[in-house]
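Visitor: Please take one part of this model and look at it closely. I would like the local geometry first and the wider setting after that.

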Amino acid sequence: MLISIVADLKGTLISYLLHDGVDLRLRRKRNDWRSVNYDFKMQWIIRFSGFISAVMVMIVLAPSLQSFHPAEAIRSNNHMDGHIRLSASRIPDTVAHRLSFRRASIIRNAASARCKQISSSGSSGVICDPSVIHVAITLDFVYLRGSIAAVHSILLHSSCPESVFFHFLVSDTSLETLVRSTFPKLKFKVYYFDPEIVRRLISTSVRQALEQPLNYARNYLADLLEPCVRRVIYLDSDLVVVDDVSKLWSTNLGEKTIGAPEYCHANFTKYFTDGFWSNWQHSAIFSGRSPCYFNTGVMVIDLAKWRQFRYTKRIERWMEVQKTDRIYELGSLPPFLLVFAGNVAPIDHGWNQHGLGGDNVKGSCRDLHPGPVSLLHWSGSGKPWIRLDSKQPCPLDVLWAPYDLYQPSA
């Protein structure tokens, strides 16, 4: 009954609810893990009037949970005290406190899932195994808490978590130790991305965070990852997955190089300057195409086609144009739009419920888009871990909290 009314539910109802915390529990039923139960604890008095029921959030997540068969979680004996700390001397000035993460439970394939056996003959053998699901995420100290939560959410909701291989793009290789300590059984590899590769091409943006070189590492996935990796899911660090990632992996790209949720109702012209549109040599790039906005924080990429058509060079050429002609204001997104908009394989909008971080200036609270929810994305300037720590969360920030493994140092 809940599922049937989700499509008509307006996100504005959720803005009436404020929660202090969420307890995520995995239940075993009939010798198999078959359900994830969100137990919401209402701690605050609701704004305006009487929407007191915490079940409203469950309604929002119902589409992605209705057929969900989570993997079996086996807790190691010492997981309660297992965590890693980084001394303040090794953390950039932007992060003044010490970082500490609880060790995640060991997540295994669900007994009922038809998971293919993955090679165990070393890292290279696993990477090239055709049965592996490849996920790429950046890691840096500023967004580390978000990245760890994203990985945790993928594992918890995957029916075959042992078949997921993570490719972490970093500019500081010391983060490998932290990842390995937080996720002892995780299949992953760390790839060093040299900031100097792209620094000369980066222009100023509306928000300084968008100017960081690691934001552009996604442009170089085809070069960084092994040639045998022919497809990859790229995910931003400020999101959580609440559905089985294998569904996203199975996206039919057809003849397209990338797949992403598109938003054709958005005003596409605003992503470029008036100077761009008045220069026919630039704007002609969209001739014969029907370009739509898409968010580059969630993409399925055919790396084989990317390499074949040398898309990295095409993106770099537009970044060079930007340095001289100032054709856009937003960081790493516009070059992707210039190269791919109008040639994107469509993915259901539920796989990128984006904008939860508000705009690029104020980071104000926002509601969900209508429809199902498979992935929650806090794109924008507001991040859930910052707002939760400051005791000024947006209503939807509590949906990120169950995946947070951060543990403040005493």
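Guide: What follows starts at one loop and moves outward to the cores and the whole chain. Keep in mind that this is a predicted model.

Start with Asp-140. It sits in the loop that joins strand 7 (133–139) to helix 4 (144–157). Its relative accessibility is 24%, so Asp-140 counts as partly exposed. The cut-off matters here, because buried means under 20%.

Now the partners of Asp-140. Its side chain reaches the backbone nitrogen of Tyr-143, at 2.9 Å. Set aside the neighbours within four places in sequence, and Asp-140 is in contact with Leu-175 and Leu-214. Leu-175 is 35 residues away from Asp-140 along the chain, yet their C-alpha atoms are separated by 7.8 Å.

Follow the chain through helix 4 to the loop between that helix and strand 8 (164–170). Ser-158 lies in this loop. Ser-158 has 1% relative accessibility and therefore counts as buried. Its C-alpha atom is 9.5 Å from that of Lys-247, a residue 89 positions away along the chain.

Next, the core. The largest nonpolar core has 57 residues. Within it, Phe-166, Phe-168 and Leu-235 touch the most other members. Helix 4 gives the most to this core, with eight residues. A second core lies apart from it and holds 51 residues, including Val-132, Val-198, Tyr-216 and Ile-258. As a general point, nonpolar side chains in soluble globular proteins tend to be buried together.

Phe-168 deserves a closer look. Leaving out neighbours within four places in sequence, its contacts include Ile-137 and Leu-139. Both of these fall in the range of strand 7 (133–139). Val-151 is also in contact with Phe-168, and its number falls in the range of helix 4 (144–157). The other contacts of Phe-168 are Val-179, Leu-186, Phe-188, Lys-189, Val-190 and Tyr-191.

Finally, the whole chain. It has 14 helices and 17 strands. Of its 410 residues, 55% count as buried. Take the contacts with a separation of 6 or more: residues 24 or more positions apart account for 72% of them. The chain exposes about 18,600 Å², and carbon and sulfur atoms supply 50% of that area.

Notes. Residues are numbered from 1 along each chain as its sequence is written. This is a predicted model: local features need pLDDT of at least 70, side-chain atom pairs count only at pLDDT 80 or more; totals for chains, interfaces and linings use all residues. Side-chain values use heavy atoms; hydrogens and water are left out. Helices (H or I, at least four residues) and strands (E, at least two) are DSSP runs, numbered from the N terminus. Buried means under 20% relative accessible area, exposed over 50%, partly exposed in between (1.4 Å probe, protein chains only). Contact means heavy atoms within 4.5 Å. A polar contact is a pair of N or O atoms within 3.5 Å; within protein, one must be able to donate a hydrogen and the other to accept it, and residues adjacent in sequence count only if both atoms are side-chain atoms. A nonpolar core is a set of buried Ala, Val, Leu, Ile, Met, Phe, Trp, Tyr and Cys residues joined through side-chain atoms within 4.5 Å. Accessible areas come from the Shrake-Rupley method with a 1.4 Å probe; for residues, only the protein chains shown count as cover.
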